[in-house]
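Hi,

Here's the structure I promised to pass along. Have a look at it first, and then read on for what turned up.

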Amino acid sequence: MRDVVLLTADSVRRDFVDAMPFVADHEVLTGVTAGHYTRPSLAALQSSRLRASVQSRVVGPTIAEAFSEAGYTTIGLVPTAQADPAFGFDSGFDHYDNYMSGSGNAASNRRSSLREYLGSFDIVRQVYRRVYPMEANMDDLPEDEAVIEEAIERFEDADGPRFLWVHQMESHRPYGTGDDAIPPKIDRKAEASGGRHWFGSSEVTDAEREVITSAYRDALGRVDDRIERLLTEIDSEDPIFAFAADHGDEFGEEEYYYHQGYRRRVPETVIRVPVVLDGIETQGDRLSLLDVGPTLAAGAGIDAPDAWQGTDLTETTTEEAVTVAPWHETATVAWQDFERKLVARDADVSMTEGGEEVAVDRTEVSDEVERQLQDLGYADAG
């Protein structure tokens, strides 16, 4: 049975994949995310079910569970509070780490309603970001290089066949640390774009936009180098290699910058991402990220769970995709057939599955997880 290596990275736009020469040297498909920021998107990818995006949490059976049941050793290294075990991301993994200390304390699974309420105001967000710039908050995470090194070591020590999932975070704004990162003043201005700015002009100049996109491209290049390193250094004969991003980012195309979950935005720059499925012969050049699980299972010769909704791209093509952008009790929903797109903004969203109705809602998390989400820019994370 073939090893499977799934590598994901934060905030990689489909139209910027040329900044990743190793990835771009493969056949790059156009993927549509099932969510508009990390948690609903990766939850849906791992679950191969739209329900996971609606609920912003993993819903089994997961990709890891399917491969574990087939006899694989499963390893997940995902350095972000968005993929905390509190949201089910550890399901099916023999070893899973999201590098967030104290995040699994069920006794403290309660929310600060006041902080959540205050976080909905632009002025509170902007004060918070002036005191705690994004670069400082990203310091809580391990360096991607260290995560890649651990991934190589754990992969080499594990019994085969092996399923490995590694996520890289340093392509998330501010796109690096120190001199590599966007200067905090420009970062704050960009974050406030599209809304009222309480500390001066929020208009990002052409020169400032160039600073942002240049830092972004450089960050993507470093992510690309680490992907190549991992695939070069692991000892595996003919592994299946998959790459996908959880979402993209905005760079002022519609006045907004970055991916800000509370805005529930679904422009193509956010929901269209590059996807690689190397070692699998697939049909077509486009897909929903719900299709990753069934296609990896088919490539590895294992059975896909009946509950999965994604398409097996070894058998047929994907003709349409749905993105749910949830935030608390409402969501924006986008349907597209890759040529046309219909969007319902800020709607009450629910769905019926197996006779059970599920709806967009807040997720109970520990105070520690909430703090970590806030540090990543999700001040009123739901």
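**Salt bridges, a pocket and a glycine**

Let me start with Arg286, which forms a salt bridge with Glu319, the closest N and O atoms being 3.2 Å apart. This pair links distant parts of the chain: Arg286 sits in strand E8 (residues 286-288) and Glu319 in the loop between H12 and E9, 33 residues apart. Arg286 counts as partly exposed because its relative accessibility is 24%. Glu319 is also in the partly exposed class, with a value of 44%. Before you read too much into any of this, keep in mind that the model is predicted.

Glu319 turns up again in the lining of the second largest pocket. That pocket holds about 200 Å³ of space. Along with Glu319, the residues lining the pocket are Leu50, Ser288, Leu290, Asp291, Gln309, Gly310, Thr311, Thr318, Glu320, Ala321 and Val322. By type, the lining divides into 4 nonpolar, 5 polar and 3 charged residues.

Gly310 is the lining residue I'd click on next. You'll find Gly310 in the loop between helix H12 (292-300) and strand E9 (321-327). Is Gly310 buried or exposed? Its relative accessibility is 19%, so Gly310 counts as buried; the cut-off for that class is under 20%. Leaving aside residues up to four places away in sequence, Gly310 touches Ser48, Leu290, Asp291 and Pro294. Two of those names, Leu290 and Asp291, are in the pocket lining as well. Gly310 also lies 7.2 Å from Gly293, C-alpha to C-alpha, with their positions 17 residues apart in sequence.

Back to the charged pairs. How many salt bridges does a search of the whole structure find? The count is 23. Besides Arg286 and Glu319, here are some others to look at.

- Asp187 and Arg173: their side chains meet in a salt bridge at 2.8 Å, N to O. Asp187 is in helix H9 (residues 184-191) and Arg173 in the loop between strand E5 (162-168) and H9, so the pair ties together parts that are 14 residues apart in sequence. Asp187 is buried, with a relative accessible area of 3%, and Arg173 counts as buried at 4%.
- Glu208 and Lys189: the closest N and O atoms of this salt bridge are 3.2 Å apart. Glu208 belongs to helix H10 (residues 206-233) and Lys189 to helix H9, so here the tied parts are 19 residues apart in sequence. Both Glu208 and Lys189 are buried.
- Arg13, Asp15, Arg209 and Glu253: these are linked in a network of salt bridges.

As a general reminder, side chains of opposite charge can pair when their charged atoms come close.

And now the chain as a whole. The secondary structure comes to 13 helices and 13 strands. There are 382 residues, and 58% of them count as buried. Among contacts with a separation of 6 or more, 73% are between residues 24 or more positions apart. The chain exposes about 15,000 Å², and carbon and sulfur atoms supply 43% of that area.

If you only have a few minutes, I'd go to Glu319, since that residue takes you both to the Arg286 salt bridge and to the pocket lining. From there, Gly310 is in the lining too, and the buried Asp187 makes a good next stop.

Cheers

How values were computed
Residues are numbered from 1 along each chain as its sequence is written. This is a predicted model: local features need pLDDT of at least 70, side-chain atom pairs count only at pLDDT 80 or more; totals for chains, interfaces and linings use all residues. Side-chain values use heavy atoms; hydrogens and water are left out. On a 1 Å grid over the protein atoms alone, a cavity is a set of points where a 1.4 Å probe fits but cannot get out, and a pocket is an open set with protein on both sides within 12 Å along at least five of seven lines; lining residues have an atom within 4 Å of a point. Grid points are joined across faces, edges and corners, and a volume is the space filled by probe spheres set on the points. Ala, Val, Leu, Ile, Met, Phe, Trp, Tyr, Cys and Pro count as nonpolar, Asp, Glu, Lys and Arg as charged, and the others, Gly among them, as polar. Helices (H or I, at least four residues) and strands (E, at least two) are DSSP runs, numbered from the N terminus. Buried means under 20% relative accessible area, exposed over 50%, partly exposed in between (1.4 Å probe, protein chains only). Contact means heavy atoms within 4.5 Å. Accessible areas come from the Shrake-Rupley method with a 1.4 Å probe; for residues, only the protein chains shown count as cover. A salt bridge is a side-chain nitrogen of Lys or Arg within 4 Å of a carboxyl oxygen of Asp or Glu.
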